[in-house]
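Work through the exercises below with the coordinates open. Each task is followed by a solution in steps.

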Amino acid sequence: MSDAKEYFVQGNEACVEASLASGLKFFAGYPITPSTEVAEGLARRLPKAGGVFLQMEDEIACISAVIGASWGGVKAMTATSGPGFSLMQEAIGYAAMSETPVVLVNVMRGGPSTGQPTRASQGDVAQTRFGSHGDYQVIAFAPASVQEMFDLTVETFNFSEKYRVPAFLLSDAEIGHMRGLLRVPPNIEVIDRKELGVRRQDKASEVPDSLVHPFPTFGRGHKTMVTGMTHTDDSRIEPEDPVVHSELVTRLNEKITRSRKDINRWEVINEDARIMIVAYGSSSFGAREIAANDRRIGLLRLKSLWPLPEEPIADVAGKCEKMLVCEMNLGQMYPHIKRVALEAGCKTVELLPKIGGDPQKPSEVRSKLREMGVI
Amino acid sequence: MDIFDFYRKDRWPHVFCPGCGIGTVMNCFYRAFNELGLDLEKTAFVGGIGCSSRIPLYINSDALHTTHGRALAFATGLRLSRLDLSVVVFTGDGDLGAIGGNHFINGCRRNVDMTVICINNNIYGMTGGQASITTPHDYQSTTTPYGNREYPFDLAEIAVAAGANYVARWTTRHVHELTKAMKTALQKKGFRFVEVVSQCPTNFGRRNKMADPTQMLEWFRESSVRRDKARTAAVDHVDLNLAGQITVGEFVSRDRECYEELLGVGKHGV
């Protein structure tokens with residue numbers, strides 16, 4: 001890392017730098033705490049990088065403009081928080097159905113409704129996966145540091161492009177506003193979407209065309225037809241045809257679920273511990289401190305949340321006796337993690353939820369572990 | 001270019017009802033586009049949701065059929081990401097003025113380079129004839145069985161007030177004027193808005209004693225007043241649209257700097 005450049009920046013600023021490093025060329029935003037610094041940073045930086053920054057009239061317009069720009073063939077992103085994220089849900093479903101690569105940064109705050117604009121939460125992780133109507137899959141990453149705000153923003157862009165899918169960076173007020181060390185590596189791996197009519201040997205081309213069709217960019221003579229309605233592979237609208245609908249929606253889901261091993265990112269501390277804590281983002285802070293000082297307690301920290309990292313969860317669950325899930329919500333990942341853990345043979349899976357804005361303190365995690373009778 | 005090269009013949013049969021005004025608009029648009037010698041490969045078409053928003057899917061070029069009400073926002077992103085492409089939006093009264101009203105006002109204000117053609121049939125046709133924001137006062141629809149209690153919106157006047165560079169309104173009865181307005185719109189820069197008052201005999205006419213499309217066209221002819229004459233005739237007439245009269249003509253034609261010029265990101269299209 002000797003060539004890496006080092007900066008002392010805020011999490012949201014790290015996200016700005018990563019988006020530029022990933023090749024962002026279009027950003028549309030609307031002011032909302034605690035994500036506003038992403039828009040402010042890109043308002044300064046993006047025009048100088050040859051891109052377009054746009055402040056739209058609402059969040060629905062932001063995500064819509066971003067999808068439009070993506071069909072123009074550029075990398076496009078928006079950033080928001082809870083209420084804005086709720087407004088974007090319909091268009092997120094549209095992006096999933098039309099297979100549009102878009103990146104959405106959600107710096108989560110306490111909800112429901114206006115809730116706690118300045119306080120952290122993980123209240124949108126279920127909405128990320130299930131917020132729009134119908135069956136669809138997305139990709140979501142959860143950073144736990146300023147450095148990961150950078151690294152996982154790059155991943156979010158890469159996987160969005162590779163699988164032609166809306167992809168999310170689920171940060172929160174804690175990490176978005178945290179200041180810390182950022183090392184920008186000299187070489188950043190950037191994946192571009194597989195374009196129709198363009199031959200390239202890169203990671204996006206590894207995905208079979210049957211799963212992810214080459215992207216027919218507008219203005220290249222493809223006579224592209226993009227629609228959110230049920231359509232065939234040659235874009236014929238067939239909303240009445242049960243077979244066409246079933247095949248399309250099944251493929252949209254399978255292209256992500258089948259690629260789980262490629263997408264998922266995680267970190268394990270004390271992997272042989274009999275007690276495993278599963279956490280992500282800010283809710284891993286307390287657990288990480290405990291695991292660092294107590295070899296009996298392990299930590300599976302999920303860096304990606306969707307598609308659900310079933311393999312790493314099952315792996316630790318098969319080896320440990322008891323599992324504790326920490327979340328800054330009332331248990332949104334918990335039922336999914338619990339299902340996988342119980343199937344893998346873990347006897348007990350408990351939850352330590354916390355809302356209100358503060359991550360779980362080590363003392364709180366410890367007292368829960370005591371209550372479970374494991375320390 | 002032949003009209004059958006302009007429209008995708010392989011997508012027929014189309015979804016439009018017999019007697020619908022959309023065919024007239026498509027015909028006028030083809031003529032305007034063709035007479036100007038514009039390049040289909042350099043033009044992208046965007047629609048929202050509704051009957052009129054289906055037009056882009058029948059044109060032999062790139063088409064973005066989007067979510068309900070958001071066509072202008074999608075078009076804004078597409079246009080600003082690709083300054084080499086001209087963007088044309090087809091939309092309807094419900095899509096543009098009701099659910100998409102905020103994007104309409106701000107689209108006019110932002111003045112991004114695009115042509116927006118709104119087919120105003122005064123009804124939600126695709127869902128079976130519910131009152132829209134332009135259904136005239138006292139007229140019948142499935143959601144106004146005792147007559148529409150509300151008063152309609154004037155889309156063209158809103159576009160003028162919000163800052164669009166070009167605003168015109170004609171009806172499907174005025175095919176020559178409409179074609180000419182489309183030609184003017186396609187040649188200008190910034191946000192160009194053409195409203196076409198159109199007939200929906202199936203879901204509007206049928207419930208308002210005009211089941212025959214020719215009755216509706218006759219109604220358009222009788223109630224249309226040219227804007228230059230309307231200036232005096234329509235004083236204090238708030239219900240400009242349909243109930244009393246349809247003000248037709250060019251509402252504004254100006255050359256405010258378009259958004260691309262203000263951003264300094266490059267040349268405008270067409």
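The exercises concern a predicted model and move from a sheet to a helix pair, a single residue, a buried helix face and the chain contact.

**Exercise 1. Place strand β3(B) in its sheet and state which strands it pairs with.**

Step 1. Take the strand order first. An open sheet of 9 strands runs β10(A)-β2(B)-β1(B)-β3(B)-β4(B)-β8(B)-β7(B)-β10(B)-β9(B), with mixed pairing. Its edge strands, β10 (225–227) of chain A and β9 (224–226) of chain B, each pair on one side only. From one strand to the next the twist averages 20 degrees.

Step 2. Look at one neighbour of β3(B). Strand β1 (residues 43–47) of chain B pairs with β3(B) in the parallel sense over 5 bridges, and V46(B) stands opposite V89(B).

Step 3. Look at the other neighbour. β3(B) runs parallel to strand β4 (residues 114–120) of chain B, joined by 5 bridges; here F90(B) stands opposite I117(B).

**Exercise 2. Determine how the residues of β3(B) are oriented and how far the strand is covered.**

Step 1. Recall the general pattern: side chains in a regular strand alternate between the two faces of the sheet.

Step 2. Assign the residues. S86(B), V88(B), F90(B) and G92(B) point one way, while V87(B), V89(B) and T91(B) point the other way.

Step 3. Check burial. In β3(B), which spans residues 86–92, 7 of 7 residues are buried.

**Exercise 3. Describe the packing of helix α1(A) on helix α7(A).**

Step 1. Obtain the geometry. α1 (residues 11–21) and α7 (residues 146–163) of chain A pack at an angle of about 30 degrees, their axes 8 Å apart.

Step 2. Classify the angle. Because angles under 35 degrees count as roughly parallel, α1(A) is roughly parallel to α7(A). The crossing is right-handed.

Step 3. List the contact. From α1(A) come G11(A), A14(A), C15(A), E17(A), A18(A), S19(A) and A21(A); from α7(A) come V146(A), M149(A), F150(A), T153(A) and V154(A). By class these are 8 nonpolar, 3 polar and 1 charged residues.

**Exercise 4. Is T80(A) buried or exposed?**

Step 1. Locate the residue: T80(A) is found in strand β4 (residues 75–80) of chain A.

Step 2. Count neighbours. T80(A) has 27 C-beta neighbours inside 10 Å and therefore counts as buried, the cut-off being 20 or more.

Step 3. Name the contacts. Leaving out residues up to four places away in sequence, T80(A) touches Y30(A), I32(A), S35(A), E59(A), F85(A), M88(A) and N106(A).

**Exercise 5. Find the buried residues of helix α11(A) and what they pack against.**

Step 1. In α11(A), residues 285–293, the buried residues are F285(A), G286(A), A287(A), I290(A) and A291(A).

Step 2. Their packing partners in chain A are β11 (266–269), β12 (275–279), β13 (297–302), β15 (322–327) and α14 (362–371).

**Exercise 6. Characterise the contact between chains A and B.**

Step 1. Count both sides: 29 residues of chain B are in contact with 33 residues of chain A.

Step 2. Find the contributors on chain B. β2, α3 (71–81) and α5 (101–110) each supply at least two residues, and α3(B) gives the most, with 8 residues.

Step 3. Divide the chain B side by class: 12 nonpolar, 11 polar and 6 charged.

Step 4. Connect this to the sheet. β10(A) and β2(B) run parallel and are joined by 3 bridges, with V226(A) opposite L64(B).

Key. Residues numbered from 1 in each chain as written. Chains lettered and ligands numbered in written order. Predicted model: local features only at pLDDT ≥ 70, side-chain atom pairs only at ≥ 80, totals over all residues. Buried ≥ 20, exposed ≤ 12 C-beta atoms within 10 Å, placed from the backbone. Helix = DSSP H or I, 4+ residues; strand = E, 2+ residues; numbered from the N terminus. Pairing = 2+ DSSP bridges. Axes fitted to C-alpha atoms, helices over the stretch in contact; angles between N-to-C directions. Parallel < 35°, antiparallel > 145°, perpendicular 65-115°, else oblique. Left-handed = near helix turned anticlockwise from the far one by under 90°. Contact = placed C-beta atoms within 7 Å. Nonpolar A, V, L, I, M, F, W, Y, C, P; charged D, E, K, R; others polar.
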